[in-house]
Amino acid sequence: QVASCGVCLSDAHHLTGVLKRNAPIVLGHEGAGVVCAVGPGVVGLAVGDPVVLSFVPVCGRCKYCAKGRHTLCVRRGASLNNRLPSGGVRLHGAGGEDLIPMSGLGCMAEYCTVHMD
């Protein structure tokens with residue numbers, strides 16, 4: 001559940017048409033909230049945990065993260081393509097159309113589904 005979401009110039013660029021990609025889109029790529037549910041295989045997170053949502057996540061497990069060199073993470077930014085590994089999306093509108101979560105987050109919503117990393 002999203003508790004707060006920052007508004008960035010990138011969001012404004014989508015609203016004004018300066019950025020013309022990934023429509024329809026759920027804006028928001030800077031947020032914080034609380035874990036409401038976890039999926040299968042999720043480790044290190046539990047319902048009720050506070051979380052910060054980063055549009056450039058790191059894995060925390062690769063050799064670089066293990067040394068505290070997160071900017072070199074081998075998975076850094078993996079969510080930026082806004083797609084699931086299958087190529088699909090996880091959000092759909094009332095008519096079934098694909099909705100793209102901005103930078104893999106889409107946190108300008110009451111709830112958002114994000115990767116555990």
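The following questions and answers concern a predicted model of one protein chain.

Reader: Which pattern of helices and strands does the protein chain follow along its sequence?
Author: The secondary structure of this predicted chain comes to 2 helices and 6 strands. Read along the sequence, these elements give the pattern β-α-β-β-β-α-β-β.

Reader: What percentage of the residues in the protein chain is buried?
Author: A residue counts as buried when its relative accessible area is under 20%. Across the chain, the accessible surface comes to about 7,300 Å², with 58% of that surface belonging to carbon and sulfur atoms. Of the 117 residues, the share that is buried is 25%.

Reader: What is the order of the strands in the open sheet of 3 strands?
Author: Strand S1, residues 2–5, is joined to S3 by 3 bridges, and the two run antiparallel. S3 is in turn joined to strand S4, residues 50–54, by 5 bridges, again in antiparallel fashion. The order of this open sheet is therefore S1-S3-S4.

Reader: Which strands stand at the edges of that sheet, and why is one side of each left without a neighbour?
Author: In the open sheet the order is S1-S3-S4, with antiparallel pairing. Because each edge strand has a single partner strand, one side of each is left without a neighbour in the sheet, and the strands at the edges are S1 and S4.

Reader: By how many degrees are neighbouring strands of this sheet turned against each other on average?
Author: The strands concerned are those of the open sheet with the order S1-S3-S4. With direction ignored, the average turn between neighbouring strands of this sheet is 20 degrees.

Reader: Which residues of S3 point to the buried face?
Author: The side chains alternate along S3, and Glu30, Ala32 and Val34 point to a face where they are not buried. Ala32 is the bridge partner of Ser4, whereas Gly31 is the bridge partner of Cys5 and Gly33 that of Val51 in S4. The residues that point to the other face and are buried are Gly31 and Gly33.

Reader: Is His29 buried or exposed?
Author: His29 lies in the loop between strand S2 (25–26) and strand S3 (30–34). Leaving aside neighbours within four places in sequence, its contacts include Cys8, Asp11, Leu53, Phe55 and Met102. The relative accessibility of His29 is 4%, and since buried means under 20%, His29 counts as buried.

Reader: Which backbone nitrogen does the side chain of Asp11 reach?
Author: Asp11 lies in helix H1, residues 9–16, and is buried, with a relative accessible area of 1%. Leaving aside neighbours within four places in sequence, Asp11 is in contact with Gly6, Leu27, Gly28, His29, Met102 and Met108. At a distance of 2.8 Å, its side chain reaches the backbone nitrogen of Cys8.

Reader: What distance separates the C-alpha atoms of Leu27 and Cys8?
Author: Leu27 lies in the loop between S2 and S3 and counts as buried at 11% relative accessibility. Beyond its neighbours within four places in sequence, Leu27 is in contact with residues including Asp11, His14, Leu15 and Met102. Leu27 and Cys8 are 19 residues apart along the chain, and their C-alpha atoms are separated by 9.7 Å.

Reader: Among contacts between residues at least 6 apart in sequence, what percentage joins residues at least 24 apart?
Author: One residue with contacts beyond its neighbours within four places is His29, which is in contact with residues such as Ser103, Leu105 and Cys107. For the protein chain, among contacts between residues at least 6 apart in sequence, the share that joins residues at least 24 apart is 49%.

Conventions:
Residues numbered from 1 in each chain as written. Predicted model: local features only at pLDDT ≥ 70, side-chain atom pairs only at ≥ 80, totals over all residues. Heavy atoms only, no water. Helix = DSSP H or I, 4+ residues; strand = E, 2+ residues; numbered from the N terminus. Buried < 20%, exposed > 50% of the residue type's maximum accessible area, 1.4 Å probe, protein only. Contact = heavy atoms within 4.5 Å. Polar contact = N/O pair within 3.5 Å; in protein donor to acceptor, adjacent residues only side chain to side chain. Axes fitted to C-alpha atoms, helices over the stretch in contact; angles between N-to-C directions. Areas by Shrake-Rupley, 256 points an atom, 1.4 Å probe, with all protein chains shown as cover.
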